[in-house]
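Please examine the structure below with attention to its open and enclosed spaces and to one pair of helices.

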Amino acid sequence: MLSELVAGALEDASDRRAARSLALVEADALAAPAPRDALAALAPAERVKIIAEVKRASPSRGALAEIRDPAALAVSYQNGGASAISVLTERRRFGGSLDDLRDVRQAVELPVLRKDFIADPYQVFEARAAGADLVLLIVAALEQERMRELHELIGELGMTALVEAHSGDEVDRALDIGAAVVGINARDLTTFHLDRDLFGSLADSIPAGVVRVAESAVASPADVTHYREAGADVVLIGEALVTGDDPVTTLESFLAAG
């Protein structure tokens with residue numbers, strides 16, 4: 001599934017590059033307003049911080065929410081106390097787009113994460129051109145040198161990489177490239193099985209000074225409490241927010257739990 005998602009994302013990026021060249025997108029990226037300081041926004045604090053996600057669908061659950069107005073949803077997340085907004089831009093299995101990212105960027109003051117299957121510099125430049133402040137890198141999807149190259153480019157453009165790991169070896173690889181924000185995703189990308197305890201088993205391998213983000217397996221405030229007690233600085237939440245009746249109330253309950 002991961003290989004399929006990466007291949008699809010690269011194919012879609014190639015189509016966009018045929019319409020707008022790398023040189024033009026790079027110029028757009030360099031001309032964009034300066035990115036927001038995502039590291040400061042996600043820095044460890046007395047209470048847990050939350051990255052709230054705009055997410056229409058997923059490969060494991062299918063359609064989740066229609067989300068006709070991603071900007072309005074992002075504003076509600078901002079009003080509810082989120083520290084950053086994650087926007088799925090993968091279209092094939094998640095129903096997202098770069099237009100969603102642009103709309104959210106114009107609507108909120110918080111840092112915005114481009115969450116996609118990033119494997120080519122073109123995707124990094126278009127993320128910055130669309131207003132992203134953070135870019136997701138998935139360790140399992142990348143060879144080490146390509147991940148290092150993308151991580152360096154993200155930094156050169158003033159953005160922050162959220163480097164996602166699923167095992168101890170992947171945490172080591174993330175730290176090897178100098179990742180300042182490391183996410184532990186509880187979802188196994190081959191089986192889609194969720195292991196809420198994976199974060200706790202790996203958190204101690206992430207040194208002080210690196211922001212620790214817990215991802216997936218959040219359905220209730222108790223899950224946020226669980227992650228916070230295991231050492232999470234930040235929790236990324238998507239499905240529980242978009243499938244509930246009131247995302248602001250849900251978000252506030254998660255923040256209170258942390």
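The report that follows describes pockets, a cavity and a helix crossing.

This is a predicted model, in which local features need pLDDT of at least 70 and side-chain atom pairs count only at pLDDT 80 or more, while totals for chains, interfaces and linings use all residues. Residues are numbered from 1 along each chain as its sequence is written, and side-chain values use heavy atoms, without hydrogens and water.

On a 1 Å grid over the protein atoms alone, a pocket is an open set of points with protein on both sides within 12 Å along at least five of seven lines, a cavity is a set where a 1.4 Å probe fits but cannot get out, and lining residues have an atom within 4 Å of a point.

| Space | Volume |
|---|---|
| Largest pocket | about 540 Å³ |
| Second largest pocket | about 170 Å³ |
| Largest cavity | about 30 Å³ |

The largest pocket has 32 lining residues, and Lys55, Lys115, Arg187, Ser216 and Glu239 lie nearest its centre. In the second largest pocket, lined by 13 residues, those closest to the centre are His166, Arg187, Asp188, Leu189 and Thr190. The largest cavity is lined by Val54, Lys55, Arg56, Val87, Leu88, Phe94, Gly96 and Asp100.

Helices here are DSSP runs (H or I, at least four residues). The axes of helix H2 (residues 22-31) and helix H6 (residues 121-129), lines fitted to C-alpha atoms over the stretch in contact, come within 7 Å and cross at roughly 40 degrees. H2 and H6 are therefore oblique to each other (neither under 35, over 145, nor 65 to 115 degrees). Their contact (heavy atoms within 4.5 Å) involves Leu22, Val25, Glu26, Asp28 and Ala29 of H2 and Tyr122, Phe125, Glu126, Arg128 and Ala129 of H6.

Definitions and conventions:
Points joined across faces, edges and corners; volume = space filled by probe spheres on them. Axes fitted to C-alpha atoms, helices over the stretch in contact; angles between N-to-C directions. Helix = DSSP H or I, 4+ residues; strand = E, 2+ residues; numbered from the N terminus.
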